[in-house]
Amino acid sequence: MSLKSRITDDMKTAMKARDAARLSAIRLLMAAIKQKEVDERIELDDAAIVAVVDKMLKQRRDSVTQYEAGGRQDLAEQEKAEMLVLADYLPQQLSVAEINALIEAAVASSGAAGMQDMGKVMALLRPQLAGRADMAAVSALIKARLAA
């Protein structure tokens, strides 16, 4: 079953269960997928849908930070609830140990010697980690590794 059909089935299930919060988050996701398909005139595959979900999660993380800074805990909780729904559509997240192992392999294969080679390492890791890790956290781990 493709990811898109799984999302559609989950939307139908949320409708039948009258789960308004889950239904709202899934509808936002479907709208973002449809918008990307219309803009690019293509049918999104699972990898592209994961990229859309990842982007939406990043937006929600930023929103939560802003809402909490502004004292709007109610809106922050709503964003966190949407994040839980969206996270269901990402592949299994990698552990820090697994990410560090991939970083070590990328550093070795690229011959990275210092911070000036960070772009090479990121270019190797981005396809492997797309949707499976927070790239901001990965970037911090790479910086720590290359600075050492």
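Where does R18 lie? Look at the start of the chain and you will find R18 in the loop between α1 and α2. Keep in mind as you explore that this is a predicted model.

R18 is a good place to begin, as its backbone has something to show you. Its phi is positive, at about 55°, although R18 is not a glycine. R18 is also exposed, because its relative accessible area is 76%, and exposed residues are those over 50%. Now move along to R41, in the loop between α2 and α3. Phi of R41 is near 55°, again a positive value in a residue other than glycine. With a relative accessibility of 75%, R41 counts as exposed.

Next, let us turn to charged side chains. Side chains of opposite charge can pair when their charged atoms come close. The structure holds 14 salt bridges, and a few of them are worth following one by one. Start with K4, which forms a salt bridge with E37; their closest N and O atoms are 2.7 Å apart. This pair links distant parts of the chain, for K4 belongs to helix α1 (residues 3–17) and E37 to helix α2 (residues 20–40), with their positions 33 residues apart. Are these two partners buried or exposed? K4 counts as partly exposed, because its relative accessibility is 21%. E37 is buried, because its relative accessible area is 7%, and buried means under 20%.

K4 has another partner to find. The side chains of K4 and E43 meet in a salt bridge, at 3.1 Å from N to O. Here too, distant parts of the chain are linked: K4 is in helix α1, while E43 is in the loop between α2 and α3, 39 residues apart. E43 is exposed, with a relative accessible area of 59%.

For another kind of pairing, stay with helix α2. E40 forms a salt bridge with K36, and the closest N and O atoms are 2.9 Å apart. Why are E40 and K36 separated by about one helical turn? They are four residues apart in helix α2, so about one helical turn separates them. E40 counts as partly exposed at 40% relative accessibility, and K36 also counts as partly exposed, at 32%. Back at the start of the chain, salt bridges that share partners join K4, E37 and E43 into one network.

Now let us look at the nonpolar side chains. In soluble globular proteins, nonpolar side chains tend to be buried together. In this model, the largest nonpolar core has 25 residues, and those touching the most other members are I7, I26, L29, I33, I49, V53 and Y89. Helices α1, α2, α3 and α4 each supply at least two residues of this core. Which element gives the most to this core? That is α3, with eight residues. To see how the core fits together, pick out L29. Leaving aside its neighbours within four places in sequence, L29 is in contact with I7, V52, V53, M56, L86 and Y89. There is also a second, separate core of 15 residues, which includes M118, L129, A133 and L146.

Last, consider the empty space. Rolling a probe the size of a water molecule over the atoms shows where empty space is left. The largest pocket holds about 310 Å³ of space. Which residues are the closest to its centre? Of the 17 residues that line this pocket, the closest to its centre are D54, K58, R61, D134 and M135. Two or more lining residues come from each of α3 (46–69), α4 (73–87) and α7 (135–147). Helix α3 gives the most to this lining, with six residues, just as α3 gives the most to the largest nonpolar core. As for its chemical make-up, the lining divides into eight nonpolar, two polar and seven charged residues.

Before you finish, try finding one more residue. Q78 lies in helix α4 and counts as partly exposed, because its relative accessibility is 45%. Compare its position with that of T65: the two residues are 13 residues apart along the chain, and their C-alpha atoms are separated by 13 Å.

Methods:
Residues are numbered from 1 along each chain as its sequence is written. This is a predicted model: local features need pLDDT of at least 70, side-chain atom pairs count only at pLDDT 80 or more; totals for chains, interfaces and linings use all residues. Side-chain values use heavy atoms; hydrogens and water are left out. On a 1 Å grid over the protein atoms alone, a cavity is a set of points where a 1.4 Å probe fits but cannot get out, and a pocket is an open set with protein on both sides within 12 Å along at least five of seven lines; lining residues have an atom within 4 Å of a point. Grid points are joined across faces, edges and corners, and a volume is the space filled by probe spheres set on the points. Ala, Val, Leu, Ile, Met, Phe, Trp, Tyr, Cys and Pro count as nonpolar, Asp, Glu, Lys and Arg as charged, and the others, Gly among them, as polar. A salt bridge is a side-chain nitrogen of Lys or Arg within 4 Å of a carboxyl oxygen of Asp or Glu. Buried means under 20% relative accessible area, exposed over 50%, partly exposed in between (1.4 Å probe, protein chains only). A nonpolar core is a set of buried Ala, Val, Leu, Ile, Met, Phe, Trp, Tyr and Cys residues joined through side-chain atoms within 4.5 Å. Contact means heavy atoms within 4.5 Å.
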